[in-house]
Amino acid sequence: MLDSAILGIRWIGKTVLFPVRILGRVGLFLATAIFWTFVPPLKVERLIRQINFIGAKSVTIVALTGAFTGMVLTLESYYALERFGADALLGPAVALSMIRELGPVISAFMITARAGSALTAEIGIMRITEQIDALEMMGLNPFRYLIVPNLLAGIISFPLLASLFNVVGIYGGYVVGVKLLGVSSGTFFGEMPQYIDLTEILHGLYKSTTFGLVVTWICCYFGYTTGYGAEGVSKATTRAVVASCVLILVCDYVITSLLF
Amino acid sequence: MKRFDLELAVGIFFLIGIACLAYLSIKLGRMEVIGYKGYAVYAKFSNVGGLKKGASVEIGGVEVGRVKDIKLDPEDYTAVVTFLLNPEVKLPEDSIAAVKTKGLIGEKYVSITPGASERAIQPGGRIRETQPPFDLSDAIGRLIYGSPGK
Amino acid sequence: MIQVIDLHSTLGKQKVLDGVTLKVETGEVLALIGKSGVGKSVLLKHVVALMKGEKGKVLIDGEDITTAKGRKLEELRSRIGFLFQGGALFDSLTLFDNIAFPLREKTKMDEQKIREKVLYELEQVGLKGMEHKFPAELSGGMRKRAALARCMVTAPEIMLFDEPTTGLDPITAHSINDLIKRTHERVCFTGIVVSHEIPDIFFLVDKVAMLHEGKIVAFGTPLEIMRSSHPVVRQFITGGRREMEDVFEPIIEKLEEEFRAKGKCTQEKKDEKV
């Protein structure tokens with residue numbers, strides 16, 4: 001009787017400790033990475049490579065999704081606003097939702113899908129083929145060579161891509177709103193500056209910068225701690241993408257509620 | 001060659017990204033890159049409900065300045081609004097400032113109706129005549145409940 | 001000189017190393033044999049502190065690497081070359097850049113000197129003219145050769161080989177063993193080779209140690225191991241087949257011949273180097 005009670009309590013302890021341990025490891029990983037960010041020298045060449053990989057190569061997909069997001073948003077908002085005769089607010093409505101919310105979030109999703117998964121797979125394969133061990137054997141710190149350039153590239157690329165997403169989206173909205181739905185071009189653009197402050201734009205930038213850090217951090221962590229073999233890498237990749245997407249939405253909520 | 005292509009790609013990416021960011025913050029966010037130049041005048045309103053810093057100041061629908069600051073006068077509980085006006089625009093002393101709304105539910109802005117006086121308001125001076133904004137909910141209330149006299 | 005003293009290590013819940021004690025003299029090459037999954041690679045990784053045990057020491061020329069940190073660890077590791085199972089070449093770099101990598105990152109050598117050194121090492125492993133290929137374009141054997149060149153470029157005093165011939169056809173495997181032997185004759189490193197190639201590996205090494213159930217059960221010269229009566233060793237080197245015993249005599253004879261010639265050679269080479 002007593003034995004089974006102790007067993008039960010032990011089980012509770014175990015289930016509580018497990019996520020705590022994981023969180024601790026993930027946190028420690030970030031702390032180590034941040035430590036090595038500030039220990040010179042910075043591997044500029046790796047950084048440029050990763051900005052190219054995470055940022056420059058995502059331009060097309062981000063622009064494409066941005067255009068369609070802006071277009072559908074305009075269409076939806078138009079039908080809603082038209083009922084109140086408030087179609088003058090179409091431009092500001094589209095621009096505000098893009099800048100504050102959709103730009104940072106959807107572009108982060110797209111980059112996670114395109115670059116985040118590849119990041120996990122690449123680092124995971126380097127782990128299982130012992131390339132990370134080889135780096136350590138040469139006396140070179142894997143964080144400096146692999147993790148730090150990725151984190152920095154994420155922090156730099158995400159806000160730039162989100163801005164691109166916003167601009168393309170707003171112009172996508174312009175095409176639908178002005179050319180298809182017949183809202184006057186002056187109303188569409190003219191009203192925007194009245195409603196958008198620098199704070200809104202900064203708000204969006206805080207978000208996308210945070211997402212950049214979170215996504216690259218999570219993707220690097222899962223790659224770095226990948227399990228054995230091809231199965232390990234595939235599992236790590238799936239987990240990294242899912243965890244990144246969930247965390248994007250969680251952070252989005254937290255930041256929005258903090259900044260309001 | 002390969003390295004050059006890489007740098008070119010990253011360079012182009014940076015240019016595109018920063019151009020987009022600049023477009024958003026300067027065109028839409030009204031970031032003042034050089035700072036808005038102009039002279040300050042102020043006016044006292046009994047009510048400025050909804051007016052924000054940065055709102056435009058217009059004469060006959062043409063923007064001539066911005067709202068720089070809104071404060072409460074602790075002595076007579078009126079709102080003190082400071083404007084920054086385009087130096088080329090000289091306001092006659094008896095001009096009237098009014099808080100107005102764009103459209104039915106749009107943004108609040110300040111409209112100035114110039115007077116006929118020969119003397120202009122000096123920088124730091126005051127626009128004496130003001131009108132509070134037209135309060136939509138107040139008007140609807142009066143319409144529904146009628147004036148108490150009837 | 002490498003000394004492993006009473007090393008204990010656990011992977012997950014399984015005790016892999018249970019008090020391993022081992023000694024490799026300077027200039028000697030040791031073959032580490034044992035069944036798959038017995039922990040040979042694990043032991044090798046402990047020697048360079050890529051894995052940490054819960055108890056025991058690993059001394060590299062008298063200095064404990066298990067407790068070394070930061071600069072000290074870096075310095076100790078810089079004396080050791082490690083040939084990983086798959087070669088562990090960096091996929092994103094060409095062969096030339098791979099081999100130049102440790103030089104570029106850890107030394108202040110100028111590009112001209114690096115070029116000479118890299119091309120020399122590539123020639124030594126028989127990959128002349130391949131420097132612009134990427135690892136993905138190479139066969140398994142070539143990757144091992146390239147990886148060996150990358151290790152040798154920093155002139156390590158100690159070389160560790162993690163199953164250098166696994167997954168290769170017999171001819172390529174033989175050529176890799178041959179390459180290791182020639183490289184040893186050239187630079188006279190202290191080495192440990194994890195291998196299953198019996199009896200091929202015996203012609204390459206000075207000492208053999210057999211790992212079984214977390215302990216070293218047999219240690220000696222290849223000749224002593226061939227003649228060992230220890231049942232586990234006996235079973236391992238014959239592969240459990242009785243008819244293998246018949247071919248032992250010629251191998252032992254050949255080993256004796258080889259050993260006499262080689263033992264001297266190593267000593268002399270070492271003296272020359274010093």
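**Chain interfaces and a pocket in a predicted model**

No salt bridges are found by the rule across the interface of chain A and chain B: the count is 0. The model is predicted. Of the 2 pairs of chains in contact, chains A and B share the most contacts. Chain B and chain C do not touch, and their nearest C-alpha atoms are 12 Å apart.

**Chain A with chain B**

- The contact involves 30 residues of chain A and 24 residues of chain B.
- About 2,500 Å² is buried between chain A and chain B, with 74% of it on carbon and sulfur atoms.
- Of the area that chain A buries against chain B, 24% is supplied by L160(A), Q194(A) and L198(A), more than by any other three residues.
- Polar contact between chain A and chain B, with both residues at pLDDT 80 or more, amounts to 1 residue pair.
- On the side of chain A that touches chain B, two or more residues come from each of α2 (44-54), α6 (142-180), α8 (192-195) and α9 (198-224) of chain A.
- The largest share of that side, 10 residues, belongs to α6(A).
- By class, the side of chain A that touches chain B has 21 nonpolar, 6 polar and 3 charged residues.

**Chain A with chain C**

- Here 17 residues of chain A are in contact with 21 residues of chain C.
- Chain A and chain C bury about 1,600 Å² between them, and 59% of this lies on carbon and sulfur atoms.
- E130(A), M137(A) and M138(A) lose the most area to chain C in chain A, together 41% of what that side buries.
- There are 4 salt bridges between chain A and chain C.
- K43(A) is in a salt bridge with E105(C), where the closest N and O atoms are 3.0 Å apart.
- The rule also finds 8 residue pairs in polar contact across this interface, both residues being at pLDDT 80 or more.
- At least two residues each of the side of chain A that touches chain C come from α2, α4 and α5 of chain A, and α5(A) gives the largest share, 6 residues.
- That side of chain A divides into 8 nonpolar, 3 polar and 6 charged residues.

**The second largest pocket**

- The second largest pocket has a volume of about 1,100 Å³.
- Its lining has 32 residues, and those nearest its centre are E45(A), R46(A), R49(A), S92(C) and L93(C).
- Elements giving two or more residues to this lining are α2, α4 (90-128), α5 (131-137) and α6 of chain A, α1 (2-28) of chain B and α3 (95-106) of chain C.
- The most, 7 residues, is given by α2(A).
- The lining residues of this pocket are 14 nonpolar, 5 polar and 13 charged.

Notes. Residues are numbered from 1 along each chain as its sequence is written. Chains are lettered from A and ligands numbered from 1 in the order in which they are written. This is a predicted model: local features need pLDDT of at least 70, side-chain atom pairs count only at pLDDT 80 or more; totals for chains, interfaces and linings use all residues. Side-chain values use heavy atoms; hydrogens and water are left out. Contact means heavy atoms within 4.5 Å. Buried area is the accessible area (1.4 Å probe) that two parts lose on being put together, summed over both. A salt bridge is a side-chain nitrogen of Lys or Arg within 4 Å of a carboxyl oxygen of Asp or Glu. A polar contact is a pair of N or O atoms within 3.5 Å; within protein, one must be able to donate a hydrogen and the other to accept it, and residues adjacent in sequence count only if both atoms are side-chain atoms. Helices (H or I, at least four residues) and strands (E, at least two) are DSSP runs, numbered from the N terminus. Ala, Val, Leu, Ile, Met, Phe, Trp, Tyr, Cys and Pro count as nonpolar, Asp, Glu, Lys and Arg as charged, and the others, Gly among them, as polar. On a 1 Å grid over the protein atoms alone, a cavity is a set of points where a 1.4 Å probe fits but cannot get out, and a pocket is an open set with protein on both sides within 12 Å along at least five of seven lines; lining residues have an atom within 4 Å of a point. Grid points are joined across faces, edges and corners, and a volume is the space filled by probe spheres set on the points.
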